[in-house]
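Visitor: Please take one strand of this model and examine it closely. I should like to know which strands pair with it, how the chain leaves it, and how far it is covered.

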Amino acid sequence: MSRTIRVMENRELEKGFDARAAMAEVARCLLCHDAPCSAACPAGTDPARFIRSLRFSNLWGAAETIRENNPLGASCSRICPVNELCEGACARSRLDAPVKIAKLQRFITDEERRLDMHILEAGEPNGKKVACVGAGPASLACAVELARKGCKVTVFEETAQPGGMLSFGIPPFKLPQEIVDFDLSRIEKLGIEFFCDTHLTAHDLDNLLERYDAVFVGTGLMKPKTLDLPGKELDGVYHALDWLKTARLEKPSEKGNRIVIIGDGDVAMDCATTAASLLAANVKLVYCRPIAFASANIDETLLAVKMGIPVLAEFLPKEIRGENGKVTGIVFTGADNISALTLATDKVILAVGQEKADDLASLPEHPRLFAGGDRVNGGSTVVAAIASGKRAARAILDTLSG
């Protein structure tokens with residue numbers, strides 16, 4: 001029987017390693033010559049190398065490997081789906097269990113923060129100026145690569161603070177804002193300039209291309225998709241990203257509320273666990289597909305289950321009901337066309353995907369205009385966005401030197 005757990009506010013759900021535990025864990029590494037863990041990291045964080053450094057008590061070298069390869073290394077150590085990537089590829093798992101790479105990365109970056117290490121340095125100025133539109137993982141990775149090669153980089157962000165989904169879309173008990181801010185502080189040390197609360201459209205890109213030698217667009221998928229349901233206009237119907245942003249920034253109490261989340265991806269899991277952490281009286285996840293075909297990472301799903309959140313699979317939403325303009329319930333039909341389900345609820349959260357925002361949904365063709373991240377790969381992991389931003393930076397540098 002699983003144990004129901006509750007989390008609150010900024011307390012992290014799981015404790016990190018202390019020095020003794022970290023050294024015991026690195027001793028389990030087989031020091032593979034071909035390092036399948038490193039090959040499995042899209043961002044190129046190179047866990048084999050930082051584990052080897054830590055094993056020989058070279059903390060600076062370990063932190064340097066992480067920070068130079070992944071400018072968001074502290075954040076990624078807490079949210080990366082390592083069971084599908086580095087830890088999933090770990091050769092040690094054939095003997096007993098994979099090396100806990102994420103917790104080792106977290107230990108190293110926590111020590112980097114505690115000791116106030118400053119690893120990244122800006123390159124010798126090369127006279128080139130680049131604008132990055134959006135301040136999510138892809139743009140930040142692109143900006144860091146360019147700044148380290150001597151470019152003057154300016155980042156334009158529509159919201160009040162940089163970080164993208166790291167700052168607005170992930171529960172704080174998984175990723176506290178102070179960790180995101182630590183990664184951002186190391187990025188800002190490179191002289192990268194940020195202009196927040198700045199909304200740009202496709203028309204503004206022409207102006208940027210006149211002022212800058214190159215422009216990178218990494219605005220992600222920030223427009224929520226919706227479902228065309230009767231009652232979707234009722235008070236109490238929310239889109240997942242909007243609700244997660246409010247929950248992270250304002251930490252409202254959901255005490256006494258009944259919440260139904262529609263969706264089977266990682267964002268839906270984040271909504272469910274966040275609602276439970278805010279003391280909602282009743283939280284339910286409803287999948288349209290069979291559980292076996294859900295898109296959420298298994299660790300995210302197991303966290304929801306451990307928090308006592310039930311999953312109802314193969315039910316399609318038919319109608320949202322309400323009284324006096326407020327949600328009171330939602331009706332589903334079974335995928336078998338026989339079953340039916342009606343749930344009383346105070347809030348319905350639609351976690352059915354995101355798409356490109358209208359103002360920058362399409363980009364003009366231009367040899368000095370580049371794009372990357374979720375808007376290019378269709379929505380993936382943070383490390384995939386980082387990898388995309390790094391590739392774009394290399395392409396920009398090639399263009400500027402050509």
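Guide: Strand β7 and strand β13, residues 347-350, pair in the parallel sense, with four bridges between them; two strands count as paired if DSSP finds at least two bridges between them. Strands here are DSSP runs of E with at least two residues, helices are runs of H or I with at least four, and both are numbered from the N terminus. The model is a predicted one, in which local features need pLDDT of at least 70 and side-chain atom pairs count only at pLDDT 80 or more, while totals for chains, interfaces and linings use all residues. Residues are numbered from 1 along each chain as its sequence is written, and side-chain values use heavy atoms, with hydrogens and water left out.

Within the pairing with β13, I259 stands opposite K347. Strand β7 also pairs with strand β8, residues 282-286, again in the parallel sense and over five bridges. In β8, the residue that stands opposite I259 is V283. I259 thus has K347 of β13 as one opposite residue and V283 of β8 as another. From β7 the chain passes through helix α13, residues 266-277, to reach β8, and this β-α-β crossover is right-handed (with the strands pointing away from the viewer, the path from the first strand over the helix to the second runs clockwise).

As for coverage, β7 spans residues 258-262 and is mostly covered, four of its five residues being buried (under 20% relative accessible area, with a 1.4 Å probe and protein chains only).

Note on methods:
Buried means under 20% relative accessible area, exposed over 50%, partly exposed in between (1.4 Å probe, protein chains only).
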